[in-house]
Amino acid sequence: MWRLKIAEGDGPHLFSTNNFVGRQFWEFDPDAGTPEERAEVEQAREYYKKNNRRGPTSRPWPSSDLLTRMQLKKENKHIDLSLPPVRFGPEEDVNYEGLTTALRKAVRLQCAIQASDGHWPAEHSGPMFLTPALVSFVRTCVY
């Protein structure tokens, strides 16, 4: 099973001035995980293979970091992600309670997919430089 290694370094040619914060790499261990976890990973892989073609060029879609998110949610299981989804219809008025619940759910998800060294691992993390300030601000308002 593939596993994302975060903030680790080893080897004679690797050195770090910040203890490898933000460094991430994938490692394969065929015996890692429980049979249920392996089945879940295999299901995500099959879903990606089945749905990753777009148009005549047949170039693949980005992976959406499914394996990364699954791993991080498992590692950060102390964060409660059981809030029900909030959906507003086109004719409904947005109310304070629904908005607060949706915002709380979004912030908890961002906290759950944050790595142990504080960064958000991603296949493409271009706009993610905005996330830390947003999460810090919302934590003070919502929690």
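# A guided tour, starting at Arg-108

Select Arg-108: at 15% relative accessibility, this residue counts as buried. Keep in mind that the model is predicted.

**Stop 1: the partner of Arg-108**

Now add Asp-80. The side chains of Arg-108 and Asp-80 meet in a salt bridge, at 3.6 Å from N to O. Arg-108 lies in helix α3 and Asp-80 in the loop between α2 and α3, so the pair ties together parts that are 28 residues apart in sequence. Is Asp-80 buried or partly exposed? At 42% relative accessibility, Asp-80 counts as partly exposed. Arg-108, by contrast, counts as buried because its 15% falls under the 20% cut-off.

**Stop 2: from helix α2 to strand β1**

How many salt bridges are there by the rule used here? The count comes to five. For another of them, select Glu-75 and Arg-3. Their side chains form a salt bridge, 3.1 Å from N to O. Glu-75 sits in helix α2 and Arg-3 in strand β1, which covers residues 2–6. The two are 72 residues apart, and the pair links distant parts of the chain. Check their surroundings. Glu-75 is partly exposed, with a relative accessible area of 38%. Arg-3 is also partly exposed, at 35%.

**Stop 3: from strand β1 to strand β2**

Move to Lys-5 and select Glu-27 with it. These two form a salt bridge, and their closest N and O atoms are 3.5 Å apart. Lys-5 belongs to strand β1, while Glu-27 belongs to strand β2, residues 24–28. Here 22 residues separate the partners, and again distant parts of the chain are linked. Glu-27 counts as partly exposed, at 36% relative accessibility.

**Stop 4: inside helix α2**

Go back to helix α2 and pick Thr-68. Is Thr-68 buried or exposed? Thr-68 is buried, with a relative accessible area of 6%. Which residues does Thr-68 touch, apart from those up to four places away in sequence? Show Leu-4, Trp-26 and Pro-121: Thr-68 touches these three.

**Stop 5: a positive patch**

Stay in helix α2, residues 66–75, and select Lys-73. Lys-73 is partly exposed, with a relative accessible area of 37%. Now add Arg-69, Arg-87 and Lys-105. Together with Lys-73, they gather in a patch of positive charge on the surface.

**Stop 6: across to Ala-122**

Keep Arg-69 selected and add Ala-122. Where is Ala-122 placed? Look in the loop between α3 and α4, where α4 covers 131–142. In sequence, Ala-122 and Arg-69 are 53 residues apart. In space, C-alpha to C-alpha, the distance between Ala-122 and Arg-69 is 9.0 Å. Next, show Gln-24 and Asp-65. Ala-122 is in contact with both, leaving aside neighbours within four places in sequence.

**Stop 7: a nonpolar patch**

Finish on the surface. Select Val-86, in the loop between α2 and α3; helix α3 spans 96–112. Val-86 is partly exposed, with a relative accessible area of 30%. Which residues join Val-86 in a nonpolar patch? Add Phe-88, Val-94 and Leu-99 to see the patch on the surface. Together the four residues have about 330 Å² of accessible area.

Notes:
Residues are numbered from 1 along each chain as its sequence is written. This is a predicted model: local features need pLDDT of at least 70, side-chain atom pairs count only at pLDDT 80 or more; totals for chains, interfaces and linings use all residues. Side-chain values use heavy atoms; hydrogens and water are left out. Patches are made of residues with over 30% relative accessible area and no salt bridge: like charges are joined within 9 Å, nonpolar side chains (Val, Leu, Ile, Met, Phe, Trp, Tyr) within 5 Å. Accessible areas come from the Shrake-Rupley method with a 1.4 Å probe; for residues, only the protein chains shown count as cover. Lys and Arg count as positive and Asp and Glu as negative; His and the chain ends are not counted. The place of a charge is taken as NZ of Lys, CZ of Arg, CG of Asp or CD of Glu. Helices (H or I, at least four residues) and strands (E, at least two) are DSSP runs, numbered from the N terminus. Buried means under 20% relative accessible area, exposed over 50%, partly exposed in between (1.4 Å probe, protein chains only). Contact means heavy atoms within 4.5 Å.
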